[in-house]
Amino acid sequence: MRIAVDPDGEGGGRLAELDPSGVRGAAAETGDLAVGVAEREAGGAEAVRWVWADTSEAYPPLLGRGVQVGRCHDVGLVEALLLAHAGRFGEPHALGAAWARLHGREVPPDPVRRAGRGGEEQPALFAAESGTLPPGTDRLAALAEVHADQWRRIGGLPDPGRFALLCAVESAGALAAAEMRRTGIPWSAAVHDRLLTAQLGARPPAGARPAVLAGLVEEVSAALGREVNPDSPAQLLKAFAAAGHDVSSTRSEVLRAVDHPAVRPLLRYKELARLHSAHGWAWLDAWVRSGRFRPDYVVGGVVSGRWATRGGGALQIPKAVRGAIVADPGWRLVSADAGQLEPRILAAVSRDAALARAAGADDLYARLAGAFGGDRQRAKIGLLAAMYGQTGGDAAPLLAVLRRAYPRAIGFLDRAAEEGERGGLVRSWLGRTCPPPSPGWRNTVAEGGPDAGGAARGRGRFTRNFTVQATAAEWALVLMAAVRRGLAGMDGSDGRPEIVFFQHDELVMHVPARLAGETADLARRAADEAGRVMFGESPVRFPLDVSVVDCYADA
DNA sequence: ATTCGCTGCCAC
DNA sequence: AAACGTGGCAGCGAAT
């Protein structure tokens, strides 16, 4: 059963049951939406799928009242998927835009959401989606109308079942993202501070360099015979040139090969300066409140369907600070990481029987090694090169080997690349569709100038990778949805087990210690289920590396 | 004072 | 060495 939800922005709102063509019966008005949703979520014999304009707006207030829901249909996210499928990636996809297109009106731009810092509530933009509907429009009616239209459009696609699954897991992801933001990653500011102090020295006044960094700046300057700011590539290039070393850049990899006494302290400086600027005390102050880091996830924020985050850099937490992620007393962190996901996805989508057999093993690369004279590392480099579109350097001979051993898999990638080079669209397994090329790209390629070949090949690499990365992302969403459902069914008497972190192909759960084993089993079963739901019966397996730890650094 | 392109490095 | 996909973000330095 589908029920449309129209919040009034003041805790109340309207609810109306939907059918494929619109509203069924009369809308129910309530002064307390949380109560109305909770009753229907718990009550009926049939599970509810909540239909709303924007999960990131509608759901947090419910969570704030302790109300979790199982399923939803996020009209904005589904609209974006449908537009992309029609070759219209990036057009406004909020409810107001979808409604305006239905009515042949001028399409308003989507509302812009700013980043909210760690401790803050969601930005209190008053019912942002209403702003994109013309004043006086019945929002519930508009929601029902757009939903009916989306239902119809999905039904008209070549594979509506797959696309409906994509819409369902994208929406489930939005639920999980809101829940994760509310819950937060358990983060020990004390451990983080100790870790910083041990490496950088005592916390300096705001804006000043910590003692260890200041000392390294002195060392670098002394070795180069002049004052330099090591944060300035321009100054470093000049100083090295003056010292007789014409370096092409100041990247660590380049500097490592330079024989000069400034190099060692400079590399140390770069490493520690990164820690200080990206995840130092300022980051801690801005993003960690009451023992939790609460990143602002952007579901579908990456073209491939991966998530992005707004502020806080949650998807780039460096290994160096993962020691600060510590379970609460009596709780455990359960980390579940899909191993070798992208080559397994390639095996599944290309229906390459030989690669699929290799993907039936725990270590896919080891099974490929035979074709490379037993060299697992070369097998791995070759397969990654094929998926990323690398052609030069050491990759060429490896690709030739792969092409012979796994012609269907490599052929699949080649076709995706050719489609991209022609300016065409490619899709994931469930139907997520890449953006069309820009007008600038079309001009460059059509004119056939010196940049034409490079531009075409560049887009070929993108579409080649898109098919695999986007399918891997949706496999991960199916996994997350299954784990989320399983956790919701567990005994919550010691506290509710929850997903607290999601990073492309990895989930971290924070659970009462008693439930850790059950959670690990749940994750493994969910990975099997994700493979079956996506690809049916197949020799391809999706093994998870699962660890139960107190500290994420030990995962 | 703010904006923006560039460099460089972190994650997958 | 760099090659090679998707991103976020800090700092620099020039342009506005």
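In the predicted model, the domain assignment divides chain A into four parts: domain 1 (2-184), domain 2 (190-284), domain 3 (295-341 + 473-554) and domain 4 (351-465). The C-alpha centres of domain 3 and domain 4 are 28 Å apart, and their contact involves 13 residues of domain 3 and 16 residues of domain 4. About 1300 Å² is buried between these two domains, with carbon and sulfur atoms contributing 51% of that area.

One salt bridge is counted between domain 3 and domain 4. A salt bridge joins the side chains of aspartate 362 and arginine 541, with an N to O distance of 3.1 Å. Polar contacts across the interface of domain 3 and domain 4 comprise 10 residue pairs. On the side of domain 3 that touches domain 4, H20 and helix H21 (516-535) each provide at least two residues. By class, this side of domain 3 consists of seven nonpolar, four polar and two charged residues.

DNA strand C is surrounded by 26 residues, of which Ser232, Ala257, Gly311, Gln316 and Arg461 come nearest. Of the strand C atoms within 4 Å of the protein, 73% belong to sugar and phosphate. A phosphate oxygen of DNA strand C lies 2.5 Å from a backbone N or O atom of glycine 311, and a polar side-chain atom of arginine 461 is 2.9 Å from a phosphate oxygen of the strand. Glutamine 316, by contrast, places a polar side-chain atom 2.7 Å from a base nitrogen.

The surface near DNA strand C draws at least two residues from each of helix H10 (252-255), helix H11 (263-279), strand E11 (308-310) and helix H20 (452-488). H20 gives the most, four residues. The residues of this surface comprise seven nonpolar, 12 polar and seven charged.

Methods:
Residues are numbered from 1 along each chain as its sequence is written. Chains are lettered from A and ligands numbered from 1 in the order in which they are written. This is a predicted model: local features need pLDDT of at least 70, side-chain atom pairs count only at pLDDT 80 or more; totals for chains, interfaces and linings use all residues. Side-chain values use heavy atoms; hydrogens and water are left out. A residue is near a molecule or strand if one of its heavy atoms lies within 4 Å of it. A polar contact is a pair of N or O atoms within 3.5 Å; within protein, one must be able to donate a hydrogen and the other to accept it, and residues adjacent in sequence count only if both atoms are side-chain atoms. Ala, Val, Leu, Ile, Met, Phe, Trp, Tyr, Cys and Pro count as nonpolar, Asp, Glu, Lys and Arg as charged, and the others, Gly among them, as polar. Domain bounds come from an automatic or database domain assignment. Contact means heavy atoms within 4.5 Å. Buried area is the accessible area (1.4 Å probe) that two parts lose on being put together, summed over both. A salt bridge is a side-chain nitrogen of Lys or Arg within 4 Å of a carboxyl oxygen of Asp or Glu.
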